[in-house]
Amino acid sequence: SCTGEAAPAPSPHLSKLDALQRQEKHLPTRLLDVSAALRVRFLEFVQQVPVFLEDLLKSTVEKPLAEQLAHQKLLWERWANVIFAEISTFDKSYSQFERLYMMIVKQLIETTLEPIHSMADTSCALMNASGDPFREVQAAALCQRLGLLKQTVDFGGSNQVLNFDPGLLEKAQRVLHMETYAEVRDMARVLLKNFDALCKVLLHLNDDQVKLELKENTELTSAILRLEQVWADCQFILHQGCLDFIEILEREVLPQLSPQLKWLIHVALETESPGKASTNADPTELQNARVALYQTVPMMVYVDELWKDSNPEGPSRKVRFVELCCPQDDRHHTLRRDFGKFDEKRFNEFRSFLIAETEKNCSGGRQTDFFRLVYRQLKAVSAFPIQENLSAAIMAASNAQAALKQSNLSDRDLADGLREQELLEGGARWLCLMLKVQAVAPHLFPSRKPGSEHQIQKDRGSRLMSRGRRASVVKQSSSGRRGSVSGLDLVVEAKE
């Protein structure tokens, strides 16, 4: 304005009214007026029915005289004209209402089927033009429309994926030509296969076969749910950093864990994947297993990265846990500074404290109080909320992402929601990574609880086999080259 005054802020009531008008959909007021007029016409016609019947009886004589025939015919024609006029008036009002109502129904049907029609057109272009330079654009359009359709129609399923990133299809194509784990290539192959299957279903849908309640179309719902199931896993795995980190978990992280921790991870992962045999774990052990999977092990991985950052003598990792799974937080810098002051002895003490604190099995003391303070900061940035299973973790991440799209969020609420989304997505990614490590390297996880009779027998058998091999080597060396027996072999044989 010319006066330089600031424009008045919009009223919160007007903002709510605008949001309500954008969300709610009402029938046009013209339909209400026409339906009210039709109701009035119908009631008037019903009220005149007794009069019509009485006039009809008056104009009807069983045996009329010859001189009454002309008069009776006149009465009948007059009655018929009145009836036809009333019916025509009522029919005019009804036809007007019917045309308007059917027009609205047609618009609703077109609006309901419009996403299917647009996706079918895009699917036709994707299926029929393999070398089309605009194929990536068409795939992106189909993914965007599929996400919008999922936001408006609940097809069911355990994985509520609302955002279909088209870049995931390109990553899947690249994975098929990479030297990586066979299980990861199978995931990428199934993703592309299910995407093509959905395109075929959309391509062969006919308007006369499509039910207006889209979730009642069995073939369409099944195709979407199959794609959604594999998409939920691939979105957290088909990434170069995740593939590199799987190798780090397999070669560096898991071999350093204690057998008890690996057993707890095994117990927790067995409950995550459907179709696997039950471990018959009691509720207490299952809760401890989930704590180990979602909190203890991630914190240990994070602590090891902090120690490597503070002591850069050894080789650095290609990808880091903090970059893949942890939310952005200023406390990362504080923890890195604190661990930079640790020597190796204090670091090992804190690492032991980390496991003992998780098990609620540590004593008090001044150093323990300091460790607890560091532990709380560490848990806030590297531990994840415990979920029942993978579907629950993915569902929580999707709900957090959908909550960020709400209007009228303050800056603080937006920042808190963004951090919660990053934390839940990091937890889902961590769980997918651990499930994939279990699939590619099942030998890292014990099949029996450490300390059980079976495990003791297995360890004893392994020691006996090792002793037999060493004795055989010593015997062959002594008989063949008696002077070339190493001192280490003799020491080992003496100890055995």
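Of the 496 residues in this chain, 37% count as buried. Keep in mind as you look around that this is a predicted model. The secondary structure is easy to sum up: 18 helices and 0 strands. Among the contacts with a separation of 6 or more, 73% join residues 24 or more positions apart. On the outside, the chain exposes about 30,500 Å², with carbon and sulfur atoms supplying 53% of that.

Now zoom in on helix α8, which runs through residues 240-253. From its first C-alpha to its last it reaches 18 Å, close to the expected 20 Å. Since 10 of its 14 residues are buried, α8 is largely enclosed by the rest of the structure. Gly241, Cys242, Leu243 and Phe245 are among those buried residues, and so are Asp244 and Glu250. What do the buried residues of α8 pack against? Their partners are α6, α7, α10, α11 and α16.

Two of those partners also take us to the salt bridges, of which there are 15. In α6, Asp186 and Arg189 sit 3 residues apart, so about one helical turn separates them. Their closest N and O atoms are 2.8 Å apart. Asp186 is partly exposed at 40% relative accessible area, and Arg189 is partly exposed too, at 43%.

Over at α10, Asp309 meets Arg320 in another salt bridge, again 2.8 Å from N to O. Arg320 lies in the loop between α10 and α11 while Asp309 is in α10 itself, so the pair ties together parts 11 residues apart in sequence. Arg320 is buried at 18%, whereas Asp309 is partly exposed at 32%. Both belong to a salt-bridge network that also includes Glu323 and Arg336.

Notes. Residues are numbered from 1 along each chain as its sequence is written. This is a predicted model: local features need pLDDT of at least 70, side-chain atom pairs count only at pLDDT 80 or more; totals for chains, interfaces and linings use all residues. Side-chain values use heavy atoms; hydrogens and water are left out. Helices (H or I, at least four residues) and strands (E, at least two) are DSSP runs, numbered from the N terminus. The expected span of a helix is 1.5 Å times one less than its number of residues. Buried means under 20% relative accessible area, exposed over 50%, partly exposed in between (1.4 Å probe, protein chains only). Contact means heavy atoms within 4.5 Å. Accessible areas come from the Shrake-Rupley method with a 1.4 Å probe; for residues, only the protein chains shown count as cover. A salt bridge is a side-chain nitrogen of Lys or Arg within 4 Å of a carboxyl oxygen of Asp or Glu.
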